[in-house]
Amino acid sequence: MPLIELRNISKSYPTEAGEVRALQGIDLCFDSGEMVILSGKSGCGKTTLLNLIGGLDQPTSGEIRIGNKDISALSEKERTLFRRREVGTIFQFFNLIPMLTVEENIALPRWLDGFSNDEVKTRVESLLQQVDLTHRRNHRAHELSGGEQQRVAIARALINSPKVILADEPTGNLDSQTGLQVLSLLTDLNRKEGQTIIIATHSREADALADRILYLKDGKILKDIIGCWQ
Ligand SMILES: Nc1ncnc2c1ncn2[C@@H]1O[C@H](COP(=O)(O)OP(=O)(O)O)[C@@H](O)[C@H]1O
Ligand SMILES: [Mg+2]
């Protein structure tokens, strides 16, 4: 059984200028452990697709199953818990809390779940090592470079050990060398821990790292290339 299944997904945004059809009749499956690049020009629907899989938004029609959960049928509260516990999301602009320290940003999703500082300490410790930021643990997020901030965001995304990591243009705000470091960190996670990772990007530099490249065009799947690099 696939880990993620989208059945006949459409998403429209009502606007004053008329309805924007961002996704149209998408059928897709993702297996556990896949590393997927979601590619295509700006405006083709990448962010919309990630937001639906990550429970940040709901489809206009169709069904999304992750594991054996129909996430399109969750209540608002269940969706909040789903987002916090079952997927890790990484954004172009990091979305850290600037005045919190590196450790606090990483621990935050656990705190929101009611865990104490003592209970999360060991986990935060090992994530700091994994993203190589132990020496920065007490710095506030806004004091870090872009690449460091994105590594904090990756650690935060991992704190609840989600099976799925979604990354929306994770290198879009980084220089190309730093961007490659972030991509290689994500690749390592996928290879070592078997996390399913879906990365939306309109640049091509991540292509060589993926098991699968999905090209979107005008809200539809133009090409779905699996296993091309092995
Ligand atoms: N909140 C919104 N309201 C109206 N239109 C939107 C909204 N978000 C995205 N769109 C439109 O939906 C389409 C897909 O956008 P998006 O998913 O952001 O594409 P991408 O991430 O590939 O650039 C675009 O035409 C965009 O203008
Ligand atoms: Mg986008």
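This passage describes the surroundings of ligand 1 and the packing of several helices in a predicted model.

The shell around ligand 1 was examined to begin with. Tyr13, Thr15, Val20 and Ala22 belong to this shell. So do Lys41, Ser42, Gly43, Cys44, Gly45, Lys46, Thr47 and Thr48. By class, the shell residues comprise six polar, four nonpolar and two charged. Lysine counts as charged, and Lys41 and Lys46 are both in the shell. Glycine is grouped with the polar residues; Gly43 and Gly45 are shell members.

Polar contacts to ligand 1 were then considered. Threonine 48 places a polar side-chain atom 2.6 Å from an oxygen atom of the ligand. For lysine 46, a polar side-chain atom lies 2.9 Å from a ligand oxygen. Cysteine 44 takes part through its backbone: an N or O atom there is 3.3 Å from an oxygen atom of ligand 1. Taken alone, ligand 1 exposes 560 Å². The protein buries 62% of that area.

Three elements each give two or more residues to the shell. They are strand 1 (4–15), strand 2 (18–30) and helix 1 (46–53). Helix 1 gives the most, with three residues. Lysine 46 and threonine 48, whose side chains contact the ligand, fall within the range of helix 1.

Helix packing was examined next. Helix 3 spans residues 102–112, and helix 4 spans residues 117–130. Their axes come within 10 Å and cross at roughly 125 degrees. An angle between 115 and 145 degrees is neither roughly perpendicular nor roughly antiparallel, so helix 3 and helix 4 are oblique to each other. Their crossing is right-handed.

Helix 3 also packs against helix 5. The angle here is about 30 degrees, and the axes are 7 Å apart. Angles under 35 degrees count as roughly parallel, so helix 3 is roughly parallel to helix 5. Helix 3 passes helix 5 in a right-handed crossing.

Helix 5 (residues 146–158) has a further partner in helix 6 (residues 176–193). These two helices pack at about 20 degrees, with their axes 10 Å apart. This angle is also under 35 degrees, so helix 5 is roughly parallel to helix 6. The crossing of helix 5 and helix 6 is right-handed.

Notes
Residues numbered from 1 in each chain as written. Chains lettered and ligands numbered in written order. Predicted model: local features only at pLDDT ≥ 70, side-chain atom pairs only at ≥ 80, totals over all residues. Heavy atoms only, no water. Near = heavy atom within 4 Å. Polar contact = N/O pair within 3.5 Å; in protein donor to acceptor, adjacent residues only side chain to side chain. Areas by Shrake-Rupley, 256 points an atom, 1.4 Å probe, with all protein chains shown as cover. Helix = DSSP H or I, 4+ residues; strand = E, 2+ residues; numbered from the N terminus. Axes fitted to C-alpha atoms, helices over the stretch in contact; angles between N-to-C directions. Parallel < 35°, antiparallel > 145°, perpendicular 65-115°, else oblique. Left-handed = near helix turned anticlockwise from the far one by under 90°.
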